[in-house]
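The following report is meant for someone who is meeting this structure for the first time. It goes from the overall make-up to the sheets, the helices and the core.

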Amino acid sequence: QLAVDAEKLVMFFDADIIWSGCDADMIQAYNTIRNETGCSIVFSAELCCCCSKNRAMCASFPQVPRMYDVVPFTAQSLANVLLPPAKRGCSRYGTVQATTLQFLNSGSFMGPVRDLLHMTADILRNPFLGWNNNKNADQTNYAAYFLKHPDKVTLDYKRRLWQTMYDFQMSSFNVKLGHHVHDRLTNSSFCWMHFNGASKNAIKSVFPTP
């Protein structure tokens with residue numbers, strides 16, 4: 001028996017995530033995604049597939065749903081918003097890179113307590129990948145659950161809640177302390193910025209050291 005309301009919303013996030021402001025209320029953003037997809041669990045999305053270099057799994061990820069009308073980055077726009085190729089983690093570590101935010105990132109997700117507990121219990125009972133000595137085991141296991149349960153889990157394809165910063169340049173965002181962070185390319189904002197992977201160094205440009 002749950003000690004809290006089973007429908008209570010919980011957000012999990014890594015320690016390298018900071019608040020960046022929202023144009024709309026955060027709960028409203030989550031409810032919009034849930035109403036659009038029918039899925040109660042929402043994960044952040046990213047360009048790179050970092051599922052322990054499991055290319056078969058990466059190839060299984062669905063395309064971004066048409067309902068989101070997300071225009072893929074072109075080669076030129078990717079060059080404008082991403083780090084130089086030699087510095088990109090996707091390239092260095094041999095992972096798959098898409099032209100849209102197609103892949104699951106486990107650094108942040110949100111949903112009702114009941115559904116998150118069910119997901120966690122299912123993964124622990126039937127792990128796709130063992131946890132020991134696997135750097136991306138959590139992400140790979142969550143990705144496997146997402147692929148197995150598309151009726152329960154979706155991704156934040158339009159970056160309403162999270163912007164994953166892996167391989168992105170900070171110069172592609174308009175950052176002002178005390179204000180929202182806007183994406184220069186799409187003129188959109190989001191609630192949280194996730195400085196995952198090598199992008200952690202970019203935090204200094206948002207919160208400069210005195």
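The protein has 7 helices and 11 strands, and the coordinates come from a predicted model. Of its 210 residues, 46% count as buried. Among the contacts with a separation of 6 or more, 79% are made by residues 24 or more positions apart.

**The sheet of 4 strands**

One open sheet consists of 4 strands in the order β1-β6-β3-β7, and its pairing is mixed. Its edge strands are β1 (9-13) and β7 (153-155), each of which pairs on one side only. On average, and with direction ignored, neighbouring strands of this sheet are turned by 30° against each other.

Strand β3 (residues 41-46) runs antiparallel to strand β6 (residues 103-112), to which 5 bridges join it. Within this pairing, alanine 45 stands opposite leucine 104 of β6, and glutamate 46 has phenylalanine 103 of β6 as its bridge partner. Two helices pack on this sheet: helix α1 (residues 26-37) touches β1, β3, β6 and β7, with a direction at about 100° to that of β6, while α6 touches β3, β6 and β7, with a direction at about 65° to that of β6.

With β7, strand β3 pairs in the parallel sense over 3 bridges, and here phenylalanine 43 stands opposite leucine 155 of β7. Strand β3 is mostly covered, since 6 of its 6 residues are buried.

**The sheet of 3 strands**

An open sheet of 3 strands, again with mixed pairing, has the order β2-β11-β8. Because β2 (17-19) and β8 (162-164) stand at the edges with a single partner strand each, one side of each is left without a neighbour in the sheet. The average turn between neighbouring strands of this sheet is 20°, direction ignored. Strand β2 and strand β11 (residues 192-194) run antiparallel and are joined by 3 bridges; in this pairing, isoleucine 17 stands opposite histidine 194 of β11.

The strand pairings described for the two sheets are gathered here.

| Strand pair | Direction | Bridges |
|---|---|---|
| β3 and β6 | antiparallel | 5 bridges |
| β3 and β7 | parallel | 3 bridges |
| β2 and β11 | antiparallel | 3 bridges |

**Helices α5 and α6**

Helix α5 (residues 113-125) packs against helix α6 (residues 137-148) at an angle of about 110°, and their axes are 10 Å apart. The two helices, α5 and α6, are therefore roughly perpendicular to each other. Where they meet, α5 contributes Met119, Asp122 and Ile123, and α6 contributes Asn141, Tyr142, Tyr145 and Lys148. Sorted by class, the contact of α5 with α6 holds 4 nonpolar, 1 polar and 2 charged residues.

**The nonpolar core**

In soluble globular proteins, nonpolar side chains tend to be buried together. Which residues touch the most other members of the largest nonpolar core? Of the 48 residues in that core, they are Phe43, Phe61, Leu104, Met119, Leu161 and Met193. The largest share of this core, 5 residues, comes from α6.

Some of these residues have appeared above: Phe43 stands opposite leucine 155 of β7, Leu104 lies opposite alanine 45, and Met119 belongs to the α5 side of the contact with α6. As for methionine 193, leaving aside residues up to four places away in sequence, its contacts are Asp16, Ile17, Ile18, Ser20, Gln163, Met165, Met170 and Val181. One of these, Ile17, is the residue that stands opposite histidine 194 in β11.

Terms used. Residues numbered from 1 in each chain as written. Predicted model: local features only at pLDDT ≥ 70, side-chain atom pairs only at ≥ 80, totals over all residues. Heavy atoms only, no water. Pairing = 2+ DSSP bridges. Axes fitted to C-alpha atoms, helices over the stretch in contact; angles between N-to-C directions. Parallel < 35°, antiparallel > 145°, perpendicular 65-115°, else oblique. Contact = heavy atoms within 4.5 Å. Nonpolar A, V, L, I, M, F, W, Y, C, P; charged D, E, K, R; others polar. Core = buried A, V, L, I, M, F, W, Y, C linked by side-chain atoms within 4.5 Å. Buried < 20%, exposed > 50% of the residue type's maximum accessible area, 1.4 Å probe, protein only.
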